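Visitor: Hi! I'd like a quick tour of this one before I set anything up. Can you walk me through it?

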Amino acid sequence: MGILRSETMTHGTLVVPAQWARNYVDILGHDTNIMFEDMNDNTMNRPYRKYIQRIEEMERMLRVLSKELESVHYMPLYKNRVDDFLEHDTELSLDPLEDELRGIYDRFIRFQSNNEVITAELNAAIEELHVVWASLAGGMVGDSGLEAPLLDSGEGRSYAKLHGMQFSNIAGVIDVREQETFARTVFRATRGTAFTHFTEITEDNPRNQAEQKSVFVIYFQGDAATSAMAAKLTRICKAMGVRLYDWPVSTAEGSARSRALESTIADKTAALQGFDRIMRDEARILLQPVRMGGNSRIEEWKLFCIKEKSIYATLNLFEGVTTLRADCWYPAEDEDAIRHVLAHASFGGSARASAMLVTDAAYTGKAPPTFIKRNAFTDAFQELVETYGVPHYKEFNPGVFTIVTFPFMFGVMYGDVAHGAMLLSVAIYALLNAEKWKYSDSAVHQGLSYARYLLFGMGFFAIYAGFMYNDFLSVGIGIFGDSRYEDPEHFGTGASYELRAKSWFDGSNTGDGHGPYPFGVDPSWHGATNELLFMNSLKMKLSVLFGVSQMLLGVCLKFSNSYYNRNWTDFTFECIPQLAFMLCFFGYMDWMIMYKWVTPVTQDPDLNGPPSLINTLIGMGLSQPNRQPLYQGQDDIQKALMVVTACAVPLMLIPKPVIILIKRKLANRASSSTRTNGDLEEPLLGGHKGHEDEHEEEPFGEPMLETSGTFQAVWIYLGFAVLFGITVGVLLFMDVLESFLHTLRLHWVEFQSKFYKADGYSFVPYRHHQVLVAELNG
């Protein structure tokens, strides 16, 4: 019953002791299907919010650690192994894990802070060393002897200072991209009285600095400590965000500073290497799997936090102090299993038999949730249905037929052997790799794995329809025997020709000779002058046959829903008139299509061609005489069918609203009566208004399948590579998308609208596996 209609649901109340509430919810999340209702919706009382805040803080710390571990490439991260985690989740506990995680987090933060300080000091030492090297390499420092300043008086105060002729400098390191701007700024600010010299740093960049740097030195007149020029240049340097370093005053000082800086750099580098070793050890502990086939330790902690957070979020739905209770929904067939879990749960003390499930047999609240069991095969098809809307409780589930009709209708529209084979190959590849891809973070891999059976059906039926159309990359293939028509080369009519039947082909179905082509369209139609006219007519009529058949199925399912819910108003004044309308007009049209296909029609020489079905239907609607009857007594039969069709319309539109109006007035008079949400009239009287009106006004439009265009012969000259690229890029993607969306429209509008109200809500049980998968994919 869980496929054709939703599972039978039971309403009850779960009562658990507050002391062991967390443990009971944990066990129920493992082994049962229970959907809890919020008992604190009006008061918004959330007694377990402090636990959730603690877990959210743990999740924040895990995010910080995960970001730090992204730079570790020598060890893989094992993740998404939900089943393995749930088998061993009892090995973790909240309080010990919180303490361990906080300790690791504090160490990481402390190490990171120390690393930033040491790295900054290392970068500064490297930059200063390059400033010193630049001064020594260029010979731009003063010294005694022949290199002593000529203006120095040797009496303590230099001649330059005494007469205002002293030259000073400011040195530092700047980004290469900023040096031209910096030089122009200095030149304009000093009106050309200062000279700036740059020396590019050609060795390895300082640690953690990707920008190329240059050493600069500015020479200007005046004292470096007291002059206004020095102050102005210092402000410019600070505004440009450059680092300033002392320029050596002598070769001896430069050499001494160089040795000291090299020693400092060696010490800082050793300290950072030690930090890297510690971080690698910590990362190895967090990245290594906790067990064979399990997650990395940090991923195991993430899954545990997600699970614990969901447990306490569920406990927030309960009410009570010493004893917690919450209303819930569960499948009726699982009641014994739930009671067994509660009765055999043991956490110590008297908790063994202290929890209970009380069944609410007299529940008269809102309609039960809809629970339709899924598996890997049906999941994608059921999701297509529920994207339109969730079935009402015990409403017929369209997903059963969608498993077949959706791939088939797609194949009818896609219809090419080669392109269908490509799509089928993708599906087979997804089937072979589904087990591996369930641990993948790639959205493409997860999507292909999820829809693998849907894609397989679409590819299979696309190949089937391609054989039916005899279409392989728009080329006819004769793999089912000889053509029933002459080759044009035999009578010299060229590439474009009218088909001529072979002498042994029995085109009139007289029984004398061979019948039509064994399977599909005769390959001779490809290239004929009337190919487009014939193929369009064939595909149009096939689309009508399949579309009307699908709509008739929808009307029959409406009978099933009405009978199951004992809704005789719908049964009498919707189902019967709709079926009569469909059969007497569209069903009759389908019958004429098939009759004309299999029955030789004797043509009147005074008329142009065989009878036209479109003209026949127009004449039927206007009660006009038929000049080209398909069979004897056609006019009388069509008049009778048209009378039934015309009578069905007012029966669909008038009686039901009148009955509902009368019921509504009677209900207003007897206000003490209680309605249940299980009544099919409830959507018109309660919270789901308008659904049945929508069904009354739903037009019985004729579904027409769109056909994809064929490639012309000119593409042959572009080469196989170009053709294959266009095939994959356009037809295998764009045309698949087009056919998929149109098939989806046919199911939602033309099929499901006939019987499917889709006004229910899903049964969402509290299951650890579902919570974890949804969080990982979300």
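Guide: Happy to! One term to begin with: helices here are DSSP runs of H or I with at least four residues, and strands are runs of E with at least two. With that in hand, residues 408-432 are 92% helix and 0% strand, and their end C-alpha atoms lie 23 Å apart. Keep in mind that this is a predicted model.

Visitor: What does UniProt call that stretch?

Guide: The unreviewed UniProt entry annotates residues 408-432 as a "transmembrane region", along with 453-480, 542-559, 571-589, 640-662 and 714-734.

Visitor: And how much helix is there in residues 640-662?

Guide: That span is 96% helix and 0% strand, with 33 Å between its end C-alpha atoms.

Visitor: Back to the earlier stretch. Where does A421 sit, and is it buried or exposed?

Guide: A421 belongs to helix α13, residues 417-437. Its relative accessibility is 32%, so A421 counts as partly exposed. The C-alpha atom of A421 is 9.9 Å from that of F461, which is 40 residues away along the chain.

Visitor: OK, zooming out. How many helices and strands are in the chain?

Guide: The protein chain has 24 helices and eight strands. It has 778 residues, 43% of them buried. The exposed area is about 40,800 Å², with carbon and sulfur atoms supplying 57% of it.

Visitor: How much of the contact set joins residues 24 or more positions apart?

Guide: Counting contacts with a separation of 6 or more, 79% are between residues at least 24 positions apart.

Visitor: Let's talk strands. What order do they take in the four-stranded sheet?

Guide: The order is β4-β5-β3-β6, in an open sheet with antiparallel pairing. β4 (195-200) and β6 (243-245) are at the edges with a single partner strand each, so one side of each has no neighbour in the sheet. On average, neighbouring strands are turned by 25° against each other, direction ignored.

Visitor: How many bridges join β3 to β5?

Guide: Nine bridges link β3 (residues 167-175) with β5 (residues 213-221), and the two run antiparallel. One residue pair to look at is F167 with its bridge partner Q221 in β5.

Visitor: Which helices pack there?

Guide: Helix α6 (residues 179-189) lies across β3, β4 and β5, at about 165° to β4. Helix α7 (residues 228-240) also packs on the sheet, touching β3, β5 and β6, and its direction makes about 160° with that of β5.

Visitor: Switching to electrostatics: how many salt bridges are there?

Guide: The whole structure has 32. One of them pairs E574 with K656, at 3.0 Å from N to O. E574 is in helix α17 (residues 568-598) and K656 in helix α20 (residues 655-669), so this pair ties together parts 82 residues apart in sequence.

Visitor: Are those two buried or exposed, and why?

Guide: The cut-off for buried is under 20% relative accessible area. E574 counts as buried because its relative accessibility is 2%, and K656 is buried at 0%.

Visitor: Which residues make up the salt-bridge network?

Guide: R22, D26, D89, K307 and E308 are joined into one network by salt bridges that share partners. Within it, the closest N and O atoms of K307 and E308 are 3.9 Å apart. K307 is buried, with a relative accessible area of 2%, and E308 is buried with 2% as well.

Visitor: And what joins E253 and R257?

Guide: Their side chains meet in a salt bridge of 3.9 Å, N to O. Both lie in helix α8 (residues 251-287), four residues apart, about one turn of the helix. E253 is partly exposed at 28% relative accessibility, whereas R257 is buried at 15%.

Methods: Residues are numbered from 1 along each chain as its sequence is written. This is a predicted model: local features need pLDDT of at least 70, side-chain atom pairs count only at pLDDT 80 or more; totals for chains, interfaces and linings use all residues. Side-chain values use heavy atoms; hydrogens and water are left out. Buried means under 20% relative accessible area, exposed over 50%, partly exposed in between (1.4 Å probe, protein chains only). Contact means heavy atoms within 4.5 Å. Accessible areas come from the Shrake-Rupley method with a 1.4 Å probe; for residues, only the protein chains shown count as cover. UniProt positions are given in the numbering used here, feature names are shortened, and annotations may be inferred rather than shown by experiment. Two strands pair if DSSP finds at least two bridges between them. Axes are lines fitted to C-alpha atoms, for helices over the stretch in contact, and angles run from 0 to 180 degrees between N-to-C directions. A salt bridge is a side-chain nitrogen of Lys or Arg within 4 Å of a carboxyl oxygen of Asp or Glu.
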